[in-house]
Structure formats: structure tokens, C-alpha cells
Amino acid sequence: LGSALRGAAQRGELRLHYQPKLDVASNRIVGAEALVRWQHPELGLVPPLRFIGLAEELGLINGIGRWVMQTACRDAAQWARDGLGELKIAINVAKPQFQLGSLCDELQATMTATGLQPRQLVVELTESMLMDDVDNGRALMHEMKALGVTLSIDDFGTGYSSLSYLKSFPLDELKIDRSFVTDLPDSASDVAIVRAIIDLGHSLGMSVIAEGIETDEQRECMQLLGCDNYQGFLFSKPVPVDAFVALLKQQR
Ligand code: C2E
Ligand code: MG
Ligand code: MG
């Protein structure tokens, strides 16, 4: 798999799917998360959890991440030009990209080249990335904030969950991990955890998004608890760009 992965980007085998992010109150699409897939000639569509780790080990993640960044920014800038709205586009950044030192330059260059407004770009980071090297992480986050991009913590609550970083990092958004959503609304402890995360985020001036919303009951629960945004199979799985554009046109 590793040797095949090596040339995958150059051979045009990577695909980007978009999962809508919605406003809980209005149920309108306000953005999308870009999620990479690998169209392998024999294996078919390979999900990211099967090759991202490998790409990190083999030193290929920076190239893949660059392709994701460029493709996502280009598509979202095009949607704005096509009058489909100024959507927020979220990309996932891997630890090696974060550590590379050139991430901010690449983000800036990509936004300039594609014409994407910085306020449209969301960078999803994970807790473990930030906790590995707190000082460098904080500096890089401030650099990204200075570009005007939005910073989000993915899978919130599953990592180190050190609350001290929340006050010292310039974060804009908490993303509640799917594991706290799955058993809603029946699990009283998950309701309590989700409520606490939402209140914590809001108290610190952040917006809160829930991932993995699969049922109406889960969406209603988020509405009751005051969650700002959601994404999940209830509204749509991650879909190719054409299908995502069709969803945008439907809501006009
Ligand atoms: P993530 O960033 O937490 O992305 C959310 C994952 O949850 C996606 O899986 C998405 O398809 C899935 N999901 C969304 N809604 C639901 C739902 O209602 N139910 C269920 N069961 N699942 C849902 P996916 O696309 O397989 O991606 C998995 C992980 O791979 C991502 O987790 C992210 O950590 C990583 N990944 C994806 N694309 C990239 C990328 O371009 N770069 C990097 N570094 N990592 C990526
Ligand atoms: Mg993510
Ligand atoms: Mg997540």
C-alpha cells in the first residue's frame, strides 16, 4: 500500500469529498469539511483512516496535505464566484504539517493563488498536536490567526483534554467528538458532557459544532443544548464536489 501511495497524488488518485456543516437553528449549509479519499486502481475508494497514518510514517503527508489544501481552497473560492455563497471550508491538518514550519506560508500562498477569503478557511487541529509542543503550537496558531483563518479543535474531549490550553490558545471553535453524540439523547452522562462542552466553549467566546449527527433526536438535542453547528449523516455523508454543489443549489 505504501509504495502505491507514493505516487498517488501525482497520478491523480486522490479525491476530496465534502461534508456539509449546518447551522443548527436554521438547518442551512454554512460550510463544509474537506475529507480526503484515495481512489486505488484495484482496491477502490480507500478511506483516510487506512492511509493517513501510513502517509505520516512514509513522509508523504505533507504532499497529500498540500493537495487537499489547494483543492479545497480552489473549490470553495469557485463556489463563491458562482454565487453559491461565501461558505466556510474546513481542512484537517496532520501533525507533520503543523511541525513543518511552512504551514502559514503555504496557507497564505494558497489563498492568494485561489482567491479564497481567509475568513472562509477553517483549520481543524487535534488536541494531541497542540500538546506535543505547546509553545511552538501556540506561536503557529497566532500566526494563522493573523492570516485571518478560523481555528477549530477536532474530536474535542478525546485527547489530552487539558483545559489549561483552552484559555491560552487562540481558538475559535470546539468540535464535539462523535463518541459523545452516538448515545444521545438516551445517555444522561453524554448529555451532561455535551452540555458542559457547549457551555464551556460559549463561555470562552468560541462557537461549538457537533460531528456525527445521525438522527433527528440527536439534532434536536443539540438545538436544546444550544450547539451552534452540526454535521453528520442525518443531513449528508461526505460527497464529491458535484453532489455538494447540488446540495448548495437546492437550498437557494
Ligand atoms: P474527522 O476529521 O473527525 O472527520 C469526521 C469523520 O467522521 C469523517 O470520516 C466523516 O465521514 C465521519 N462522519 C461524519 N458524519 C458522520 C456520522 O454521522 N456518522 C458516522 N459514523 N461518521 C460520520 P472520514 O472521512 O473517514 O475521515 C476520518 C478521519 O480521517 C478524519 O476524522 C480525519 O482525522 C482524517 N482525515 C480525513 N481527511 C483528511 C485530510 O485531508 N488530512 C488529514 N490529515 N486527515 C484527514
Ligand atoms: Mg475533522
Ligand atoms: Mg472529528
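This briefing describes the nonpolar core, the salt bridges, the metal site and the surroundings of ligand 1 in one structure. The model is predicted. Its largest nonpolar core has 77 residues, and a search of the whole structure finds ten salt bridges. Glu33 deserves particular attention, since this residue takes part in a salt bridge with Lys175 and is also among the protein donors of the magnesium ion (ligand 2).

**Nonpolar core**

- The residues with the most contacts inside the largest nonpolar core are Trp79, Ile89, Phe98, Leu125, Met144 and Ile176.
- Helix α3 (residues 61-81) supplies the largest share of this core, namely nine residues.
- Leaving aside residues up to four places away in sequence, Ile176 touches ten residues that include Phe156, Val181, Val194, Ile197 and Ile198. Val208, Ile209, Ala210, Glu211 and Cys227 are also touched by Ile176.
- As a general background, nonpolar side chains tend to be buried together in soluble globular proteins.

**A buried salt bridge and its network**

- The side chains of Glu33 and Lys175 form a salt bridge, with an N to O distance of 2.7 Å.
- This pair links distant parts of the chain, for Glu33 belongs to strand β2 (residues 29-40) and Lys175 to strand β7 (residues 173-176), 142 residues apart.
- Glu33 has a relative accessible area of 4% and is therefore buried, the cut-off for this class being under 20%.
- Lys175 likewise counts as buried, because its relative accessibility is 0%.
- Salt bridges link Lys21, Glu33, Glu124 and Lys175 in a network.

**Salt bridges involving helix α7**

- Asp135 and Arg138 meet through their side chains in a salt bridge of 3.3 Å, N to O.
- These two residues are three residues apart in helix α7 (residues 134-147), so about one helical turn separates Asp135 from Arg138.
- Asp135 counts as exposed at 57% relative accessibility, whereas Arg138 counts as partly exposed at 24%.
- Another salt bridge joins Asp172 to Lys145, whose closest N and O atoms are 2.9 Å apart.
- Asp172 lies in the loop between α8 (163-168) and β7, while Lys145 lies in helix α7, so the pair ties together parts that are 27 residues apart in sequence.
- Asp172, at 24% relative accessibility, counts as partly exposed, and Lys145, at 29%, counts as partly exposed too.

**Magnesium site**

- The magnesium ion (ligand 2) has as its protein donors Glu33 (OE), Asn92 (OD1), Glu124 (OE) and Asp154 (OD), which lie 2.0 to 2.2 Å from the ion.
- Along the sequence, the spacing of these donor residues is E-x58-N-x31-E-x29-D.
- Glu33 lies in strand β2 and Asn92 in strand β4 (residues 88-92), so this pair ties together parts that are 59 residues apart in sequence.
- Glu33 counts as buried at 4% relative accessibility, whereas Asn92 is partly exposed, with a relative accessible area of 29%.
- Asp154 bridges the magnesium ion (ligand 2) and the magnesium ion (ligand 3), and these ions lie 4.2 Å apart.

**Surroundings of ligand 1**

- There are 22 residues around ligand 1, of which Arg37, Asn92, Asp154, Glu214 and Phe233 come nearest.
- The side chain of Asn92 has an N or O atom 2.9 Å from an oxygen atom of ligand 1.
- In the side chain of Asp154, an N or O atom is 2.8 Å from an oxygen atom of ligand 1.
- A nitrogen atom of ligand 1 lies 2.5 Å from a polar side-chain atom of Glu214.

Note on methods: Residues are numbered from 1 along each chain as its sequence is written. Chains are lettered from A and ligands numbered from 1 in the order in which they are written. This is a predicted model: local features need pLDDT of at least 70, side-chain atom pairs count only at pLDDT 80 or more; totals for chains, interfaces and linings use all residues. Side-chain values use heavy atoms; hydrogens and water are left out. A nonpolar core is a set of buried Ala, Val, Leu, Ile, Met, Phe, Trp, Tyr and Cys residues joined through side-chain atoms within 4.5 Å. Buried means under 20% relative accessible area, exposed over 50%, partly exposed in between (1.4 Å probe, protein chains only). Helices (H or I, at least four residues) and strands (E, at least two) are DSSP runs, numbered from the N terminus. Contact means heavy atoms within 4.5 Å. A salt bridge is a side-chain nitrogen of Lys or Arg within 4 Å of a carboxyl oxygen of Asp or Glu. Donors are N, O and S atoms within 2.8 Å of the metal (3.2 Å for Na, K and Ca); water is not among the atoms, so sites may look incomplete. A residue is near a molecule or strand if one of its heavy atoms lies within 4 Å of it. A polar contact is a pair of N or O atoms within 3.5 Å; within protein, one must be able to donate a hydrogen and the other to accept it, and residues adjacent in sequence count only if both atoms are side-chain atoms.
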